[in-house]
Amino acid sequence: MFRNQYDTDVTTWSPAGRLFQVEYAMEAVKQGSAAIGLRSKTHVVLACVNKANSELSSHQKKIFKVDDHIGVAIAGLTADGRVLSRYMRSECINYNYTYESPLPVGRLVVQLADKAQVCTQRSWKRPYGVGLLVAGLDESGAHLYYNCPSGNYFEYQAFAIGSRSQAAKTYLERKFNNFTASSREDLIKDALIAARESLQGEKLTSSVCTIAVVGVGEPFHILDQETVQQLIDTFEIVREEETAPAEPEAAAEQDAATEQASGADQGGAGNQGGADQGGSPMDI
């Protein structure tokens, strides 16, 4: 029934120094649909892949607004994500009420990580089975954090979590050097490409993808489906324009290869005539 005798309790260490229940929670994040985050100096973009349990049901919401300057995208147990996003909203409201200023993103991430860590040290609790990409903007600039069920948190330039996210990570690793100076539109385009990579062959449409943006002079908001579909269509047009110039070059190469082949045939016929006049066939 169990993996071994050390995974029945979250507070039980294995001889190898591992907490298997925490690792199982991290595995739940990998089973969730993909969530992607990218940031530049001025903007942060979140993207997620929407999955429905059946064709008759709608998909569950995976991006939540926390405050005007903070939002989260989740992968894993959606119910746990709702609870944590509600906690983050409460912390932002309390801080704003007390200090009359927005809560710094880094401080909120630390509080969230502390809350997740408590669940790894209490035998009557279980770890949260959800990973969160926290996007925010404060006085120190744009930020993108990943909060892990283990209580760890990391800041990234770009990151992807969830099922089939490795393809998106590979794309982000190739392009992340350009993200710092990217514009808002370029970030959204790269987020859509990364989401398409995680679909692995499925067609990217606005019904299976959600985009959210926060930036300088732009409060956190989720783009509507029509806007996302227009961006996807524009991206497809760019792809066609990029592939179009390659066609004449391929045609020219094919013509050159045809001419070269015909010349070789003519030369071969002449040489064959010489061979018939007394040359050895091995000399051809």
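Start with the whole chain, coloured by pLDDT if your viewer can do that: the mean is 86, and 82% of the residues reach 70 or more. Keep in mind as you go that this is a predicted model.

Now select residues 269-284. Here the pLDDT is below 50, and beyond near neighbours in sequence this stretch makes two contacts in the model.

Switch to a cartoon view of the full chain. You'll be looking at seven helices and ten strands. Of the 284 residues, 40% count as buried. Take the contacts with a separation of 6 or more: 62% of them join residues 24 or more positions apart in the chain.

**Stop one: a hairpin**

Select residues 63-67, which are strand β3. Is this strand enclosed or open? Four of its five residues are buried, so β3 is largely enclosed by the rest of the structure.

Next, add residues 70-76 to the selection; that's strand β4. How do β3 and β4 pair? They run in the antiparallel sense, over four bridges. Follow the backbone from β3 to β4 and you'll pass through a hairpin of two residues. To see strand facing strand, show D67 and look across to I70 in β4, which stands opposite.

While the strands are on screen, a general point: in a regular strand the side chains alternate between the two faces of the sheet.

**Stop two: the largest cavity**

Time to look for empty space. The model has two cavities of 30 Å³ or more. For the largest, select L84, L112, A113, A116, Y128, V130, L132, N147, C148 and P149, which line it. Inside is about 60 Å³ of space.

Which elements supply this lining? Helix α3 (105-118) and strand β5 (130-138) each give at least two residues. The biggest share comes from α3, with three residues. Try colouring the lining by class: you'll get nine nonpolar residues, one polar and no charged ones.

**Stop three: the second largest cavity**

Clear that selection and pick S33, A34, V49, K51, S163, R164, S198 and L199, the residues around the second largest cavity. About 40 Å³ of space lies within.

What classes of residue line this one? Keep the colouring by class on, and the lining shows three nonpolar, three polar and two charged residues. Set that beside the lining of the largest cavity, where no residue is charged.

Technical notes: Residues numbered from 1 in each chain as written. Predicted model: local features only at pLDDT ≥ 70, side-chain atom pairs only at ≥ 80, totals over all residues. Heavy atoms only, no water. Buried < 20%, exposed > 50% of the residue type's maximum accessible area, 1.4 Å probe, protein only. Pairing = 2+ DSSP bridges. 1 Å grid on protein atoms, 1.4 Å probe; cavity = no way out; pocket = protein on both sides within 12 Å on 5 of 7 lines; lining within 4 Å. Points joined across faces, edges and corners; volume = space filled by probe spheres on them. Nonpolar A, V, L, I, M, F, W, Y, C, P; charged D, E, K, R; others polar. pLDDT = per-residue confidence, 0-100. Contact = heavy atoms within 4.5 Å.
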